[in-house]
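Reader: I would like to see how the descriptive words for a model are justified. Please take them one at a time.
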Amino acid sequence: MKEKLRNIIEDNKSKKGKIFDYFIQILILLSLIAFTIETFPDNSKNTIETLKTFELLCVLIFSVEYLLRIYVSKKPFRYIFSFYGIIDFLAIFPFYLKGAYDLRALRVFRIFRIFRALKLIRYNKALNRFHIAAKIVKEEIVLFLIVTSIFIFLASAGIYFFENEAQPEIFTSVLHSGWWAVVTLTTVGYGDVYPITVGGKIFTFFILLIGVGIVTIPAGLVASALSKAREIEEENIKKPN
């Protein structure tokens, strides 16, 4: 019995496994749509009751799925504390928490319902390639984050030097200047904080040039790693069992 359930739940290549996967995927999407409709301000009482009933049904099904995955797992605790296990848990636990405690503050946990969207990742075959790609560029990404952090600090200190006297209420300190550094280096540029001095504007020009390079580097790394991951995946498929 346990082996049959494992084949259905964990093997998405079999007919029953595919049906199970598609059913859960559709239920996740419907649950997210219901969550969105629930936020409408002018829902009728009938709509609210229908959504509550549907939410209860979804939670029951997801709970059964979660328990079954624990049951069929060869290493239950490994699944429980894995990425997928945590996501599956976050998708259902706010409902039970709300039922156990009638506190208004706990309504904040309803936000965890959006984690059901992440449950869809489980059924994406391309995720395996991202996992391989992440291993390939792990060291480069760490180095990139370190260099980016250094640039953010330098940009924060630099703009503070140019703009502190002209805009002391905005560029109060190097730490306060960090917001400007982040949005400028990422080339987002919200426009809520900007330099007004000549030196600050010239400094911003060079930071923007650096920012263009910072934005493109991870994209190139990921693209190259994904290409390599696809090659590895194709080689594994061609290997005889």
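Author: What follows sets values from this predicted model against the cut-offs behind the words.

Reader: What makes up the secondary structure of the protein chain?
Author: There are 11 helices and 0 strands in the protein chain. Read from the N terminus, the elements run α-α-α-α-α-α-α-α-α-α-α.

Reader: Why is T204 called buried?
Author: T204 has a relative accessible area of 11%. Buried means under 20%, so T204 is buried.

Reader: Where does T204 lie, and which residues does T204 touch?
Author: T204 lies in helix α11, which spans residues 198-238. Not counting residues up to four places away in sequence, T204 touches I159, W180, T184 and P195.

Reader: What makes the link between T204 and G200 a polar contact?
Author: The T204 side chain reaches the backbone oxygen of G200 at 2.7 Å. The cut-off for a polar contact is a pair of N or O atoms within 3.5 Å, and 2.7 Å satisfies that distance.

Reader: How do you know that S73 is buried?
Author: The relative accessible area of S73 is 11%. The word buried applies under 20%, therefore S73 counts as buried. S73 is found in the loop between α3 and α4, the latter being residues 76-80. Apart from neighbours within four places in sequence, S73 is in contact with E10 and Y79.

Reader: Why is α9 called oblique to α10?
Author: Helix α9 (residues 138-163) and helix α10 (residues 178-185) pack at an angle of about 120°, and their axes are 8 Å apart. Roughly perpendicular covers 65 to 115 degrees, and roughly antiparallel begins over 145. An angle of about 120° fits neither word, so α9 is oblique to α10. The crossing in which α9 passes α10 is right-handed.

Reader: Which residues meet where α9 and α10 pack?
Author: From α9 come F151, I152, A155, S156 and I159. From α10 come G178, W180, A181, V182 and L185.

Reader: What makes α10 largely enclosed by the rest of the structure?
Author: Of the 8 residues of α10, 6 are buried, so α10 is largely enclosed by the rest of the structure. The buried residues are G178, W180, A181, V183, T184 and L185. Just after α10, T187 takes a positive phi of about 60°.

Reader: How do α2 and α3 cross?
Author: The axes of helix α2 (residues 15-38) and helix α3 (residues 45-72) come within 10 Å and cross at roughly 145°. This crossing of α2 and α3 is left-handed. Among the residues that make the contact are F20, F23 and I24 of α2 and T47, L51 and F54 of α3.

Reader: Which residues of α5 are buried, and what is found at the start of α5?
Author: In helix α5, residues 83-90, the buried residues are G85, I87, D88 and L90. At the start of α5, a side-chain oxygen of S82 comes to within 3.1 Å of the backbone nitrogen of G85. That value also satisfies the 3.5 Å limit for a polar contact.

Reader: What are the values for the protein chain as a whole?
Author: Buried residues make up 30% of its 241 residues. The accessible surface comes to about 16,200 Å², and 68% of that surface belongs to carbon and sulfur atoms. Of the contacts with a separation of 6 or more, 65% are between residues 24 or more positions apart.

Key:
Residues are numbered from 1 along each chain as its sequence is written. This is a predicted model: local features need pLDDT of at least 70, side-chain atom pairs count only at pLDDT 80 or more; totals for chains, interfaces and linings use all residues. Side-chain values use heavy atoms; hydrogens and water are left out. Helices (H or I, at least four residues) and strands (E, at least two) are DSSP runs, numbered from the N terminus. Buried means under 20% relative accessible area, exposed over 50%, partly exposed in between (1.4 Å probe, protein chains only). A polar contact is a pair of N or O atoms within 3.5 Å; within protein, one must be able to donate a hydrogen and the other to accept it, and residues adjacent in sequence count only if both atoms are side-chain atoms. Contact means heavy atoms within 4.5 Å. Accessible areas come from the Shrake-Rupley method with a 1.4 Å probe; for residues, only the protein chains shown count as cover. Axes are lines fitted to C-alpha atoms, for helices over the stretch in contact, and angles run from 0 to 180 degrees between N-to-C directions. Angles under 35 degrees count as roughly parallel, over 145 as roughly antiparallel, 65 to 115 as roughly perpendicular and the rest as oblique. A crossing is left-handed if the near helix is turned anticlockwise from the far one by less than a right angle, and right-handed if clockwise.
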